[in-house]
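Reader: I am new to this structure and would be grateful for a close look at a single part of it. Please choose one helix, describe its surroundings with care, and then place that helix within the wider chain.

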Amino acid sequence: MVQNPPDLRPDLAPRAQLGDTRRDGQPSIGMVSLGCPKALVDSERILTRLRAEGYGISPDYSGADAVIVNTCGFLDSAKAESLEAIGEALKENGKVIVTGCLGADPEYITGVHPKVQAVTGPHQYEQVLDAVHDVVPPDPDPFVDLLPASSVSLTPRHFSYLKISEGCNHKCKFCIIPDMRGRLVSRPHNAVIREAEKLVEAGVKELLVISQDTSAYGVDFKRGVPPGTRPMEKPITTLARDLGQFGAWVRLHYVYPYPHVREIIPLMADGLILPYLDIPFQHAHPETLKRMARPAAAERTLDRIAEWRDICPDITLRSTFIVGYPGETEGEFQTLLDWMDEAQLDRVGCFQYENVDGARSNDLPDHVPEEVKQERWDRFMEKAQAISEAKLAAKVGQVMDVIVDDVDEDGIATCRTKADAPEIDGNLFIDEGAEALKPGQIVKVEVDEAGEYDLWGRLV
């Protein structure tokens with residue numbers, strides 16, 4: 001049996017899958033995409049624009065005339081990973097253009113790697129293209145390259161991230177994302193729907209809706225409301241309902257637990273969108289949440305969870321938490337553990353608090369010693385694992401739809417249930433009779449075995 005514990009860094013996207021056929025003499029660009037799925041979407045848009053201008057896409061350093069590194073600045077550990085990736089690209093290729101969240105502080109990058117060709121900030125597509133043109137001038141073949149290019153996807157073709165907004169209006173003390181990506185700017189409703197329609201027409205079976213704050217989608221619309229909006233309905237509800245019309249799986253990520261999230265749950269009960277919510281609760285003790293500058297209403301959150309489950313009993317709840325936040329006492333941490341016992345979340349990730357340059361939490365008193373953070377993280381994950389194991393054991397004997405992600409050379413299929421997002425959640429494995437399955441197929445499986453994070457089943 002293969003165990004597949006969930007990735008405890010939910011700021012990371014799946015590994016980019018690059019591949020392209022390069023004609024003789026075609027200038028080619030490589031891409032290293034770090035960070036969250038939102039950054040992966042930025043990478044896809046940059047490469048789509050470059051492909052439309054006649055550039056090839058190289059899956060390795062040696063085949064590229066230059067390399068773009070899309071960086072992450074979420075945590076200091078992520079910054080270190082980005083700097084390491086830049087250094088590797090410089091060593092292996094030599095011509096490196098840096099973009100992404102870490103690019104919001106160019107001096108930080110050039111102070112370590114002064115030989116980079118250019119540095120741009122997050123979602124600055126035009127500046128990235130200008131930098132590529134300077135380093136590797138375009139040389140298109142008008143009979144081959146200058147045709148309308150289909151979108152470049154860095155994920156397997158059967159699922160795709162769908163970014164509906166950029167930026168965030170929250171001012172959480174531990175986070176600098178709003179400083180790097182700005183305030184919330186929602187994409188027009190019709191633009192999101194058009195993109196989703198094209199993705200489904202191209203064979204995408206699962207749309208993963210992402211943003212910094214998905215449930216706040218549309219609060220910045222100045223004039224009117226999206227077509228089809230019902231009286232008093234929030235724009236995210238209208239968008240979710242419209243996305244559900246295409247027949248693909250629709251999975252919502254980064255949903256803050258505002259009261260109006262209740263509007264979305266009936267759509268899950270009706271099968272329009274997946275019964276899955278990814279909600280960043282972060283903690284449960286009111287004082288800890290107050291020091292984080294987050295809504296301090298853990299009791300009300302438990303009531304909302306109970307209400308959601310009453311409306312849609314099959315709902316899967318995923319969340320992330322921070323342990324060892326400055327000032328966190330043993331009593332506050334114990335409140336979090338007790339809250340977990342009551343909430344019984346299905347999927348859980350956890351960070352040990354880290355200082356991040358520019359975050360207001362750095363200046364808070366009573367920082368927690370590293371050994372205490374580790375000890376609390378271990379206790380938290382032990383509880384989360386026990387809850388996960390019990391919930392998965394209860395699924396043995398059930399018949400459910402799963403989507404196939406991969407079939408290996410031994411004929412073992414790696415799949416996901418509706419309760420599992422790519423990379424960050426568990427898998428369902430089919431050990432027998434799966435040789436003919438293809439990625440993207442949705443098949444019925446009876447669960448016959450459960451582990452701590454994964455399931456095993458047989459085709460029905």
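Author: The part chosen here is helix α4, whose buried residues pack against β1 (28–33), α1 (37–52), β3 (66–71), β4 (96–100), β5 (118–119) and β6 (159–163). The model under discussion is a predicted one.

Which residues of α4 are buried? Helix α4 spans residues 125–135, and its buried residues are Tyr125, Val128, Leu129, Ala131, Val132 and Val135. These residues cover an arc of only 160 degrees around the axis, which puts them on the same side of α4. A general property of helices is helpful at this point: an α-helix has 3.6 residues a turn, so residues three or four places apart point the same way.

The next matter is the sheet on which the helix rests. Five strands form an open sheet in the order β2-β1-β3-β4-β5, with parallel pairing. The edge strands of this sheet are β2 (56–58) and β5, each of which pairs on one side only. In general, strands of a sheet pair through backbone hydrogen bonds, either parallel or antiparallel. Strands β4 and β5 run parallel and are joined by 2 bridges. Ile97 has Ala118 in β5 as its bridge partner. Helix α4 packs on the sheet and touches β1, β3, β4 and β5, and its direction makes about 180 degrees with that of β4. Helix α1, which is also among the elements against which the buried residues of α4 pack, lies across β1, β2, β3 and β4 and runs at about 175 degrees to β1.

One further neighbour of α4 deserves attention, namely β6, against which the buried residues of the helix also pack. Ser160 is found in strand β6. Is Ser160 buried or exposed? Ser160 is buried, with a relative accessible area of 5%. Leaving aside neighbours within four places in sequence, Ser160 is in contact with Thr155, Leu199, Val204, Glu206, Leu207 and Leu208.

From β6 the description can proceed to β9, since the two strands run parallel and are joined by 5 bridges. Leu162 has Val209 in β9 as its bridge partner. Strand β9 comprises residues 206–210, and 5 of the 5 are buried, so β9 is largely enclosed by the rest of the structure. Glu206, Leu208 and Ile210 point one way from this strand, while Leu207 and Val209 point the other way, and all are buried. Strand β9 is in turn joined by 4 bridges to strand β10 (residues 249–252), and these two strands run parallel. Here the bridge partner of Leu208 is Arg251 in β10.

Leu162 also leads to helix α6, as it is one of the residues in contact with Val192. Val192 belongs to helix α6 (residues 189–201) and is buried, with a relative accessible area of 0%. Beyond its neighbours within four places in sequence, Val192 is in contact with Leu162, Ile164, Arg187, Tyr217 and Leu239. Val192 and Leu239 are 47 residues apart in sequence, and their C-alpha atoms are 8.4 Å apart in space.

Other parts of the chain may be set beside this region. Helix α11 (residues 330–343) and helix α12 (residues 370–393) pack at an angle of about 10 degrees, with their axes 10 Å apart. That angle makes α11 roughly parallel to α12. On the α11 side the contact is made by Glu330, Phe333, Gln334, Leu336, Leu337, Met340 and Asp341, and on the α12 side by Arg376, Arg379, Phe380, Lys383, Ala384 and Ile387.

A barrel is also present: 5 strands close into it in the order β14-β15-β16-β18-β17, with mixed pairing. The twist averages 50 degrees from one strand to the next. Within this barrel, strand β16 (residues 428–430) and strand β18 (residues 455–459) run parallel and are joined by 3 bridges. Leu428 stands opposite Leu455 in β18.

Finally, the chain may be considered as a whole. Its secondary structure comes to 12 helices and 18 strands. Of its 460 residues, 55% count as buried. Among contacts with a separation of 6 or more, residues 24 or more positions apart account for 75%. The chain exposes about 19,900 Å², of which carbon and sulfur atoms supply 50%.

How values were computed: Residues numbered from 1 in each chain as written. Predicted model: local features only at pLDDT ≥ 70, side-chain atom pairs only at ≥ 80, totals over all residues. Heavy atoms only, no water. Buried < 20%, exposed > 50% of the residue type's maximum accessible area, 1.4 Å probe, protein only. Arc of directions from axis to C-beta. Contact = heavy atoms within 4.5 Å. Areas by Shrake-Rupley, 256 points an atom, 1.4 Å probe, with all protein chains shown as cover. Pairing = 2+ DSSP bridges. Axes fitted to C-alpha atoms, helices over the stretch in contact; angles between N-to-C directions. Parallel < 35°, antiparallel > 145°, perpendicular 65-115°, else oblique.
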